[in-house]
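Reader: I would like to learn how to read a model of this kind, one feature at a time. Could you take me through it slowly, with the general idea first and then the case at hand?

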Amino acid sequence: MIERLPKAVTERTAAPPRLTRTLVLVGLMGAGKTSVGKRLAAMLGVGFVDSDAEIEEAAGMTIPEIFSTLGEPAFRDGERRVIVRLLSERPGVLATGGGAFVEPTTRGEIRARATSIWLRADVDLLYDRVRDRPGRPLLQVADPKAVLTDLNARRSPFYAEADVTVDSRRGITHEAMAKSIVEAVRAYDRTGCGGRPATFEDAP
Ligand code: S3P
């Protein structure tokens, strides 16, 4: 006789879908790329990497130090090299800095070798999340909200080139965001991904 297990048990024991392409999270500062990315990686049983943390480690400097001593172009160069290296590693979840997907070469590499997800949020929400957190050199200005508004306007067309878009909203948990990402990527797999490989092995 087949015994029906309680829902909580079946949910706990369901194996996560197997990832065959890295999931790259893109979007503005405050979108939740790192915190949601960690949750997503745990949910899928894969590794998580944050490109900013990798750049800091490679340079032996913090992001503000890199910006102030070497300048933004040197940071972008390091960012591109770090991301290209990470894309050649085993599939996992990669959170990128807010400017990474705007750089043509970095965006091209991500589009060719991974599945990209834009974590979209409105500026008020982004600003509330970043306002009391130092460490973002681009926001060390008199009116950081104006900078965020301007970046949002200029960068959104590039972020929109991501394979999948998932909206964030106030109060949504990292868990709920991670689940929405898995659902959205599964739906994208079902579309055929423009002829590129599916992200999950069991697709469609
Ligand atoms: C930047 C975003 C930051 C970091 C750097 C530049 C940007 O990452 O890479 O300060 O250009 O938007 P987060 O988006 O993780 O804050």
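Author: What follows is a walk through strands, a pocket, a ligand site and a few single residues. Please keep in mind throughout that this is a predicted model.

Reader: Let me begin with the strands. Is β1 enclosed or open to the outside, and how does one tell?

Author: The general idea is to look at the relative accessible area of each residue, where a value under 20% counts as buried. Strand β1 covers residues 22-26, and because five of its five residues are buried, the strand is largely enclosed by the rest of the structure. Thr22, Val24 and Val26 point one way from β1, Leu23 and Leu25 point the other way, and all of them are buried.

Reader: Which strands pair with β1, and in what sense?

Author: Pairing is read from the bridges that link two strands. β1 pairs in the parallel sense with strand β4, residues 114-120, over five bridges, and Leu25 stands opposite Ile117 of β4. β1 also pairs in the parallel sense with strand β3, residues 93-95, over three bridges, and here Leu23 is found opposite Val93.

Reader: What lies beside β4 apart from β1, and which way do the side chains of β5 point?

Author: β4 is joined to β5 by four bridges, and these two strands run parallel. Along β5, residues 164-167, the side chains alternate: Val164 and Val166 point to one face and are buried, whereas Thr165 and Asp167 point to the other face and are not buried. Leu119, which is found in β4, has Val166 of β5 as its bridge partner. Leu119 has a relative accessible area of 1%, so it counts as buried. The C-alpha atoms of Leu119 and Val164 are separated by 8.8 Å, although the two residues are 45 residues apart along the chain.

Reader: Let me turn to empty space. How is a pocket found, and what volume does the largest pocket have here?

Author: Rolling a probe the size of a water molecule over the atoms shows where empty space is left. In this model the largest pocket has a volume of about 780 Å³. Its lining consists of 37 residues, of which Met29, Gly30, Thr34, Asp52 and Arg136 lie nearest the centre. The elements that give two or more residues to this lining are α2 (33-44), α3 (51-59), α4 (63-69), α5 (72-87) and α9 (174-191), and α2 gives the most, with four residues.

Reader: How many of the lining residues are nonpolar, polar and charged?

Author: The lining of the largest pocket divides into 14 nonpolar, 13 polar and 10 charged residues.

Reader: Which residues come nearest to the ligand, and which atoms should I look at?

Author: A careful reading separates side-chain from backbone atoms. There are 14 residues around the ligand, and Lys33, Asp52, Arg76, Arg136 and Arg155 come nearest. In the side chain of Asp52, an N or O atom is 2.8 Å from an oxygen atom of the ligand. For Gly98 a backbone N or O atom lies 2.9 Å from a ligand oxygen, and for Gly99 a backbone N or O atom lies 3.4 Å from a ligand oxygen.

Reader: What is found at the two ends of α3?

Author: At the start of α3, a side-chain oxygen of Asp50 reaches to within 2.8 Å of the backbone nitrogen of Asp52. After α3 comes Gly60, which has a positive phi, near 65 degrees.

Reader: Which residue that is not a glycine has a positive phi, and where is its place?

Author: Cys193 is not a glycine, yet it has a positive phi of about 55 degrees, and its place is in the segment after α9. Its relative accessibility is 2%, so Cys193 counts as buried.

Reader: Finally, which side chains make polar contacts with Asp163, and is Asp163 buried or exposed?

Author: Asp163 lies in the loop between α8 (144-159) and β5. Because its relative accessibility is 13%, Asp163 counts as buried. Its side chain is joined to that of Arg111 by a polar contact of 2.6 Å, and to that of Arg196 by a polar contact of 2.5 Å.

Key
Residues numbered from 1 in each chain as written. Predicted model: local features only at pLDDT ≥ 70, side-chain atom pairs only at ≥ 80, totals over all residues. Heavy atoms only, no water. 1 Å grid on protein atoms, 1.4 Å probe; cavity = no way out; pocket = protein on both sides within 12 Å on 5 of 7 lines; lining within 4 Å. Points joined across faces, edges and corners; volume = space filled by probe spheres on them. Nonpolar A, V, L, I, M, F, W, Y, C, P; charged D, E, K, R; others polar. Buried < 20%, exposed > 50% of the residue type's maximum accessible area, 1.4 Å probe, protein only. Pairing = 2+ DSSP bridges. Near = heavy atom within 4 Å. Polar contact = N/O pair within 3.5 Å; in protein donor to acceptor, adjacent residues only side chain to side chain.
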